Amino acid sequence: MGFLDKLRKIDKFWIGIVAGLVIPIVLYLIIQPLKAANYSFMQEEYKQAVLKMLPMLLSRCIFPNALLFFILIWSDFEQAAKGILYSTVGLVGILILIWLVF
């Protein structure tokens, strides 16, 4: 039993969903440019700046999901790729709502 056969056992839909949600959250925490503690003297302006930058940051966090989706498709992990696709579509829907509201 090879390494790829062991990986095929974890080709599950829910693993794709979890990976599709965790990757953008981790990336958002890494690339978040503004820390609230550094801007405590201007709370209102900080909130406005974050609301204007939120769609841009979220879209950059969602992009790696597309890369992972294509890697999984090319490697014949269809169930995990489907989970990534569904979570990405959900996150893009939330991104569009945020963009329309703010």
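**Figure 1. The largest pocket holds about 160 Å³ of space.** The model shown here and in the following views is predicted. The residues lining the largest pocket are Leu 7, Ile 10, Asp 11, Ile 15, Gly 16, Ala 19, Leu 68, Leu 72, Phe 77, Ala 80 and Ile 84. Sorted by class, nine of the lining residues are nonpolar, one is polar and one is charged. At least two lining residues come from each of helix 2 (13-31), helix 3 (43-74) and helix 4 (78-101). Helix 2 makes the greatest contribution to the lining, three residues.

**Figure 2. Six residues form the largest nonpolar core.** The members of this core are Phe 69, Leu 72, Phe 77, Ala 80, Ala 81 and Ile 84. Helix 3 and helix 4 each provide at least two residues of the core, and helix 4 has the largest share, with three. A second core, separate from this one, has five residues, among them Leu 54, Leu 57, Cys 61 and Ile 98. In soluble globular proteins, nonpolar side chains tend to be buried together. Leu 72, Phe 77, Ala 80 and Ile 84 of the largest core also appear in the lining of the largest pocket.

**Figure 3. Ala 81, a member of the largest nonpolar core, with its contacts.** When residues up to four places away in sequence are not counted, Ala 81 touches Phe 69, Leu 72 and Ile 73. Phe 69 and Leu 72 also belong to the largest nonpolar core. Ile 71, in helix 3, is included for its C-alpha distance to Ala 81, which is 8.5 Å. Ile 71 and Ala 81 are 10 residues apart along the chain. Ile 71 has a relative accessible area of 41% and is therefore partly exposed.

**Figure 4. Phe 69, Phe 70 and Trp 74 are linked into a cluster by ring pairs.** The structure has three aromatic pairs. One of them joins Phe 69 and Phe 70 in an edge-to-face arrangement, with 5.3 Å from centre to centre and 70° between the planes. A pair of aromatic rings is described by the distance of the centres and the angle of the planes. Phe 69 counts as buried because its relative accessibility is 18%, under the 20% limit. Phe 70, at 41% relative accessibility, counts as partly exposed. Phe 69 is also part of the largest nonpolar core.

**Figure 5. Asn 65 is a buried residue of helix 3.** The relative accessible area of Asn 65 is 0%, so Asn 65 is classed as buried. With neighbours within four places in sequence left aside, Asn 65 is in contact with Ala 19, Gly 20, Ile 23, Pro 24, Ile 84, Ser 87, Thr 88 and Leu 91. Two of these contact residues, Ala 19 and Ile 84, also line the largest pocket. Ile 84 is in addition a member of the largest nonpolar core.

**Figure 6. Asp 76 lies in the loop between helix 3 and helix 4.** Asp 76 has a positive phi of about 65°, although Asp 76 is not a glycine. The relative accessibility of Asp 76 is 45%, so Asp 76 counts as partly exposed. Helix 3 and helix 4, joined by this loop, each supply at least two residues of the lining of the largest pocket.

Definitions and conventions
Residues numbered from 1 in each chain as written. Predicted model: local features only at pLDDT ≥ 70, side-chain atom pairs only at ≥ 80, totals over all residues. Heavy atoms only, no water. 1 Å grid on protein atoms, 1.4 Å probe; cavity = no way out; pocket = protein on both sides within 12 Å on 5 of 7 lines; lining within 4 Å. Points joined across faces, edges and corners; volume = space filled by probe spheres on them. Helix = DSSP H or I, 4+ residues; strand = E, 2+ residues; numbered from the N terminus. Nonpolar A, V, L, I, M, F, W, Y, C, P; charged D, E, K, R; others polar. Phe/Tyr/Trp six-rings, centres within 6.5 Å; stacked < 30°, edge-to-face > 60°. Buried < 20%, exposed > 50% of the residue type's maximum accessible area, 1.4 Å probe, protein only. Contact = heavy atoms within 4.5 Å. Core = buried A, V, L, I, M, F, W, Y, C linked by side-chain atoms within 4.5 Å.
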